[in-house]
Amino acid sequence: MARIVSIASGKGGVGKSMLATNLGLLMARRGLEVVIADLDVGGADVHVLMGEFNPDRTISDFLYRRVDDLAEVIRPLPFKNLSIIPGTGDTLATANMRFARKKRLIRSLKRIECDLIIIDVGAGTSFHTLDFFLAADTYITITTTEPAAILDLYRFVKLAAIRKVLSGFIGYGRISETLAHQDFSSIDQVLAAVEHTDPESRKKAEQIVRDFAPLLIMNRTTGRTRTSVQRLKLTLRQYVGCDVATLGEIPEDQAVARAIRAYMPVSEYAPASPAAGSLAKIAEKLAEITGC
Ligand SMILES: Nc1ncnc2c1ncn2[C@@H]1O[C@H](COP(=O)(O)OP(=O)(O)OP(=O)(O)O)[C@@H](O)[C@H]1O
Ligand SMILES: [Mg+2]
């Protein structure tokens, strides 16, 4: 079965698709069969970043049952071992994707035969985004050093943790019924509701939060980022109860924008650039973490 890695952010435009395409390429170069799945609800554009302007099939073909299997949507890219499931943001957002349809998509994704699937889940905290993010084995979050982006990342991680706890109790009779009919804005509220329904289950809920442990990438760093990262990590530990480990930092680098204008990952376009160097280190560390 393929290992699944998801990439998300709180704020848009912070480098998710840049990261997905470069990690895809770097992991494929390690000899892994890699599929990038573009599930960005807001604006799917990964295929464009790879120079594929008019994919003949996209995820819409699967959602509207023109094909039965998501594997039929996979399109090869002009790089060895690398292919893509092109997205269609509009369709994903408006596909009135009820839970059953989303489940079908996630199930089909998990059945794809390859070594690694990298999901670009887009920005924000819609249920779709959170569920696609949580469908992975390894979670990567990315932010720039901008305070607004860090605050949005905090909100994203908090809501993802809440959703993870809630889905951990689906099927647990009375607890899931109680949880399903409430709206939560903090982990403390969820834990209290769980405890109220069944005191024994609080420990399980706390364990789910502790095990959550998403990884963090700071993008567009310029040198003064240490304190904001430390503060984000402390806040998450204190108010959400989960630890976030740094997977890496990518410096501000004009080669990234130049590569995007050339419709190529920067790791291919300018392999000696500082950004490409950082991405190579990140891929190395990810390979260690995932055992790929
Ligand atoms: N390390 C970097 N140095 C310089 N510019 C960067 C860097 N990372 C990203 N960018 C710039 O930020 C822009 C947005 O990147 P990208 O499209 O990957 O973000 P995104 O998070 O996928 O956005 P969206 O939420 O709209 O999907 C890029 O077009 C690029 O110009
Ligand atoms: Mg994007």
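Arg-220 is located in strand 7 of this predicted model. Its phi is positive, at about 60 degrees, although Arg-220 is not a glycine. Most residues other than glycine have a negative phi. Arg-220 has 20 other C-beta atoms within 10 Å and is therefore buried, the threshold for this class being 20 or more.

A positive phi is also found at Ala-213, with a value of about 35 degrees. Ala-213 is placed in the loop that connects helix 10 (202-212) to strand 7. Because Ala-213 has 13 C-beta neighbours inside 10 Å, it is classed as partly exposed; exposed residues have 12 or fewer such neighbours, and buried residues 20 or more.

Strand 7 belongs to an open sheet of eight strands, in which the pairing is mixed and the order is 3-4-2-5-1-6-7-8. The edges are formed by strand 3 (75-76) and strand 8 (245-251); each has a single partner strand, so one side of each has no neighbour in the sheet. In general, the strands of a sheet pair through backbone hydrogen bonds, in either a parallel or an antiparallel manner. Strand 6 (residues 138-144) and strand 7 (residues 215-221) run parallel and are joined by five bridges. Within this pair, Thr-141 has Leu-216 of strand 7 as its bridge partner.

Two helices were examined with respect to the sheet. Helix 14 (residues 274-290) packs on the sheet and touches strand 1, strand 6, strand 7 and strand 8, with its direction at about 160 degrees to that of strand 8. Helix 7 (residues 147-168) lies across strand 1 (3-9) and strand 6, and runs at about 155 degrees to strand 6.

Strand 7 also contributes to the surroundings of ligand 1, as do helix 1 (16-29), strand 5 (116-123) and helix 12 (254-261), each of these elements supplying at least two residues of the shell. There are 21 residues around ligand 1, of which Gly-12, Lys-16, Ser-17, Met-18 and Ala-257 come nearest. The shell consists of eight nonpolar, eight polar and five charged residues.

Gly-51 lies in the loop between helix 2 (46-49) and helix 3 (59-63). With 11 other C-beta atoms within 10 Å, Gly-51 is exposed, because the limit for that class is 12 or fewer. When residues up to four places away in sequence are left out, Gly-51 touches Tyr-263 and Met-264. The C-alpha atoms of Gly-51 and Ala-262 are 8.2 Å apart in space, while the two residues are 211 residues apart in sequence.

Conventions:
Residues numbered from 1 in each chain as written. Chains lettered and ligands numbered in written order. Predicted model: local features only at pLDDT ≥ 70, side-chain atom pairs only at ≥ 80, totals over all residues. Pairing = 2+ DSSP bridges. Helix = DSSP H or I, 4+ residues; strand = E, 2+ residues; numbered from the N terminus. Contact = placed C-beta atoms within 7 Å. Axes fitted to C-alpha atoms, helices over the stretch in contact; angles between N-to-C directions. Near = placed C-beta within 6 Å. Nonpolar A, V, L, I, M, F, W, Y, C, P; charged D, E, K, R; others polar.
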